[in-house]
Amino acid sequence: MSEPIRVLVTGAAGQIGYSLLYSLANGDVFGKDQAIILHLLDITPALGALGGVKFELEDCSLPLLRDVVCTDQETVAFKDIDVAVLVGAMPRREGMERKDLLAANVRIFKSQGAALDQYAKKTVKVLVVGNPANTNCLICSKNAPSIPSENFSCLTRLDHNRAKAQVALKVGVTTDKVRQVTIWGNHSSTQFPDVRHAKVTLNNGETKQAYDAIQDENWIKNSFIPVVQKRGAAIIAARKLSSAMSAAKAICDHLRDWWFGTPNDDWVSMGVVSDGSYGIEKGLVYSFPIKCQNRTWSIVQGLEINDWARDLMTKTAQELIQERDDAFDATK
Ligand SMILES: NC(=O)C1=CN([C@@H]2O[C@H](COP(=O)(O)OP(=O)(O)OC[C@H]3O[C@@H](n4cnc5c(N)ncnc54)[C@H](O)[C@@H]3O)[C@@H](O)[C@H]2O)C=CC1
Ligand SMILES: O=C([O-])CC(=O)C(=O)O
């Protein structure tokens, strides 16, 4: 059994926190021989509820869980952490776009970036979930100059999982038979869910390009893409609350693959700081096809981009440029 790792979850008294913490503490993400100390941060009025979450974690009787630190102080929460899952932020309500949360949420990520810089291990891996996730991640990274920008990522795995599930439903296979799906760009309704390079293994064992398995380009363009782009809004309309169970599952998938690596024949989608790949402006936090190995990620190179795809990739990049500029103004 290795030394315990310290994993911070912010907004831990909220609905994603409630769906997430059991899986982290149970070894589903960092492995069944990795002990864990949870640092749970929330705002002062939520500390009572957070105490109840701590009781429940104790009552789960999990041998890997060595301690649970509940706090409203960044100095305590960010101290010596190995992993930060930054969830705590206002969620959107019906009729809002995620970028409408920018003014309310971006200051949180400026402050938490500075706290990471000051108190966390320099090797800390950071996953930003709070919306607008890409731009919050950018602001967080900018405010933590002593931590490599490669250590920052934002969650687009939920969109990736949604895309796989829609294709699986359409073709009539299980989701594990769909691979090499990509979410490009922003975790917003401008994202580009791309199945041009995806493959599907049919129930007879034959593997086909997703386009050939689906055989319905109209469905891809006019149903699949908008459904994935607007799935978050559809959940809010139905539940009057934003996604939590599926978001927590996607957080676990994202962290586990970053930690243990992606399968040889597949990739995942992660929002990461662009190095200029695929002509995307350097420095934007943009979702790319990603492979992970030895706890580092790399962007899958060489995928063919036609004019149609280029237009969609540019549109979502333009929205991120606007969000970045608005965020810089809001945090001046
Ligand atoms: N990137 C993604 O795929 C997804 C992102 N989200 C986003 O995740 C965020 C959290 O969603 P929920 O858990 O549903 O919201 P929630 O409202 O249930 O919980 C948020 C928690 O954060 C806390 N909080 C607020 N300000 C904080 C601060 N400065 N420091 C620490 N904690 C703070 C609140 O007190 C609350 O307990 C939202 O911004 C939501 O839009 C949600 C689903 C998917
Ligand atoms: O849509 C929202 O506001 C919550 C979210 O990010 C998602 O479900 O993808």
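Biologist: Where is the place of Asp80?
Modeller: This is a predicted model, and Asp80 belongs to a stretch that is neither helix nor strand. The elements on its two sides are helix H3 (74–77) and strand S4 (83–86). The place of Asp80 is the loop between helix H3 and strand S4.

Biologist: What is the phi of Asp80?
Modeller: Most residues other than glycine have a negative phi. Asp80 is a residue other than glycine, yet its phi is positive. The value for Asp80 is near 60°.

Biologist: Is the peptide bond from Asn131 to Pro132 cis or trans?
Modeller: Most peptide bonds are trans. Pro132 lies in the loop between strand S5 (125–128) and helix H5 (133–142). The bond that leads into Pro132 from Asn131 has omega near -5°, and it is cis.

Biologist: Which side chain has an N or O atom 2.8 Å from an oxygen atom of ligand 1?
Modeller: 24 residues surround ligand 1, and the closest are Gln15, Asp42, Met90, Val129 and Asn131. Val129 uses a backbone N or O atom, 3.2 Å from a nitrogen atom of ligand 1. Gly11 also offers a polar backbone atom, 3.5 Å from a nitrogen atom of the ligand. The side chain at 2.8 Å from an oxygen atom of ligand 1 is that of Asn131.

Biologist: How many residues of the shell around ligand 1 are nonpolar?
Modeller: Helix H1 (15–25) and helix H4 (102–119) each supply at least two residues of this shell. By class, the shell has 10 polar residues and one charged residue. The nonpolar residues number 13.

Biologist: Where does ligand 1 lie with respect to domain 1 and domain 2?
Modeller: The space taken by ligand 1 is the largest pocket. Domain 1 (2–154) gives residues to the shell around ligand 1, and so does domain 2 (157–325). Because both contribute, ligand 1 lies between domain 1 and domain 2.

Biologist: Which residue has a polar side-chain atom 2.5 Å from an oxygen atom of ligand 2?
Modeller: The residues around ligand 2 include Arg92, Arg162 and His187. For Arg162, a side-chain N or O atom is 2.8 Å from an oxygen atom of ligand 2. For His187, a polar side-chain atom is 2.6 Å from an oxygen atom of ligand 2. The residue at 2.5 Å is Arg92.

Biologist: What share of the area that ligand 2 exposes when taken alone does the protein bury?
Modeller: The space taken by ligand 2 is the largest pocket. Taken alone, ligand 2 exposes 260 Å². The share buried by the protein is 95%.

Biologist: Which elements give two or more residues to the shell around ligand 2?
Modeller: The shell draws at least three residues from each of domain 1 (2–154) and domain 2 (157–325). By class, the shell has two nonpolar, five polar and three charged residues. The elements that give two or more are helix H6 (157–171) and helix H9 (231–239).

Technical notes: Residues numbered from 1 in each chain as written. Chains lettered and ligands numbered in written order. Predicted model: local features only at pLDDT ≥ 70, side-chain atom pairs only at ≥ 80, totals over all residues. Heavy atoms only, no water. Near = heavy atom within 4 Å. Polar contact = N/O pair within 3.5 Å; in protein donor to acceptor, adjacent residues only side chain to side chain. Areas by Shrake-Rupley, 256 points an atom, 1.4 Å probe, with all protein chains shown as cover. 1 Å grid on protein atoms, 1.4 Å probe; cavity = no way out; pocket = protein on both sides within 12 Å on 5 of 7 lines; lining within 4 Å. Sits in = over half its atoms within 2 Å of the grid points. Helix = DSSP H or I, 4+ residues; strand = E, 2+ residues; numbered from the N terminus. Nonpolar A, V, L, I, M, F, W, Y, C, P; charged D, E, K, R; others polar. Domains from an automatic or database assignment.
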